[in-house]
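Q: Please examine the structure shown below, and then justify the terms applied to its residues.

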Amino acid sequence: MIRIIDYGMGNLRSVQKGFEKMGFAAEITSDPAEIAKADGVVLPGVGAFGDAMDNLREAGLIGVINDVIEQGMPFLGICLGLHLLFSTSEEWGQQKGLDIIPGKVVKFPAELDKKIPHMGWNQLELEKETELFKDLESGFFQYFVHSYYVVPEDESVIATTTEYGMEFVSSIQQDNVYAVQYHPEKSSKQGLKILKNFGELI
């Protein structure tokens with residue numbers, strides 16, 4: 001059973017439907033005991049970093065997130081769920097994250113001369129082999145909506161990069177932790193393939 005963490009931010013049902021379409025049972029829950037018993041955990045999210053951390057704290061979910069990751073359970077962060085794994089974010093002032101992936105979340109620079117937020121389809125360049133992208137080749141498209149991007153301290157965690165007036169990190173992988181900037185659940189066949197690959201890790 002895949003458990004999708006409900007902390008009041010994001011369209012969780014679309015993620016659940018994506019997994020179900022690929023043949024995997026997925027349950028939306030905010031119960032730490034249920035999350036602890038999962039076979040794999042997904043942290044999605046859309047919205048502000050600080051609000052998300054407040055919601056996770058108030059729901060008593062930070063401890064169980066750390067526990068399942070430490071136990072080696074397959075873990076997938078999506079969009080805001082990627083950002084929350086990092087040490088800090090500069091969104092609305094300096095915010096502290098889960099600090100599972102050392103690094104920071106920063107805003108696209110104003111001088112980029114690109115429309116912010118970065119919204120729409122864009123390509124992924126594979127930077128390392130990971131099970132999440134099994135049978136996918138560099139250059140495939142996914143759907144993005146974001147104004148901030150991640151800067152990991154350790155470049156070895158970078159799984160894909162994307163070009164948008166500059167190169168930014170669009171996916172990471174560290175041991176059993178996978179996280180993506182885009183929305184695979186909204187990204188047609190190849191996005192569903194990513195969800196399928198995550199399900200097969202379990």
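Q: In which helix does S188 lie?
A: In this predicted model, S188 lies in helix α6, which covers residues 188-201. The phi angle of S188 is positive, at about 60°, although S188 is not a glycine.

Q: Which other residue that is not glycine has a positive phi, namely near 60°, and where is its place?
A: D113 has a phi near 60°. Its place is in the loop between β7 and β8.

Q: Why is D113 called exposed?
A: The relative accessible area of D113 is 74%. Exposed means over 50%, so D113, at 74%, is exposed.

Q: What makes the peptide bond from I116 to P117 notable, and where is P117 placed?
A: The bond from I116 to P117 is cis, its omega being near 10°. P117 is found in the loop between β7 (101-107) and β8 (118-123).

Q: Why do R3 and E34 count as a salt bridge?
A: The closest N and O atoms of R3 and E34 are 3.3 Å apart. A salt bridge requires a side-chain nitrogen of Lys or Arg within 4 Å of a carboxyl oxygen of Asp or Glu, therefore the pair R3 and E34 qualifies at 3.3 Å. This pair links distant parts of the chain: R3 belongs to strand β1 (residues 2-5) and E34 to helix α2 (residues 32-36), 31 residues apart.

Q: Why is R3 called buried, while E34 is called partly exposed?
A: The relative accessibility of R3 is 9%. Buried means under 20%, so R3 counts as buried. E34 has 22% relative accessibility, which falls between the cut-offs of 20% and 50%, so E34 counts as partly exposed.

Q: What makes R13 and E20 a salt bridge, and how are the two residues classed by accessibility?
A: The side chains of R13 and E20 meet at 3.4 Å, N to O, and the cut-off is within 4 Å, so the pair is a salt bridge. R13 has 41% relative accessibility and counts as partly exposed. E20, at 39%, also counts as partly exposed.

Q: How do you know that D135 and K193 form a salt bridge, and which parts of the chain does the pair link?
A: The N to O distance between the side chains of D135 and K193 is 3.5 Å, which satisfies the limit of within 4 Å. The pair links distant parts of the chain, with D135 in the loop between β9 (125-126) and β10 (141-146) and K193 in helix α6, 58 residues apart.

Q: Are D135 and K193 buried or exposed, and why?
A: D135 has 65% relative accessibility, and because exposed means over 50%, D135 counts as exposed. K193 has a relative accessible area of 17%, and because buried means under 20%, K193 is buried.

Q: How many salt bridges does the structure hold?
A: The structure holds 8 salt bridges.

Q: Which residues line the largest pocket closest to its centre, and how much space lies in that pocket?
A: About 230 Å³ of space lies in the largest pocket. Of its 14 lining residues, G47, C79, V145, H146 and S147 are the closest to the centre. Both α5 (80-84) and β10 supply at least two residues of the lining. By class, the lining has 6 nonpolar, 6 polar and 2 charged residues.

Methods: Residues are numbered from 1 along each chain as its sequence is written. This is a predicted model: local features need pLDDT of at least 70, side-chain atom pairs count only at pLDDT 80 or more; totals for chains, interfaces and linings use all residues. Side-chain values use heavy atoms; hydrogens and water are left out. Helices (H or I, at least four residues) and strands (E, at least two) are DSSP runs, numbered from the N terminus. Buried means under 20% relative accessible area, exposed over 50%, partly exposed in between (1.4 Å probe, protein chains only). On a 1 Å grid over the protein atoms alone, a cavity is a set of points where a 1.4 Å probe fits but cannot get out, and a pocket is an open set with protein on both sides within 12 Å along at least five of seven lines; lining residues have an atom within 4 Å of a point. Grid points are joined across faces, edges and corners, and a volume is the space filled by probe spheres set on the points. Ala, Val, Leu, Ile, Met, Phe, Trp, Tyr, Cys and Pro count as nonpolar, Asp, Glu, Lys and Arg as charged, and the others, Gly among them, as polar.
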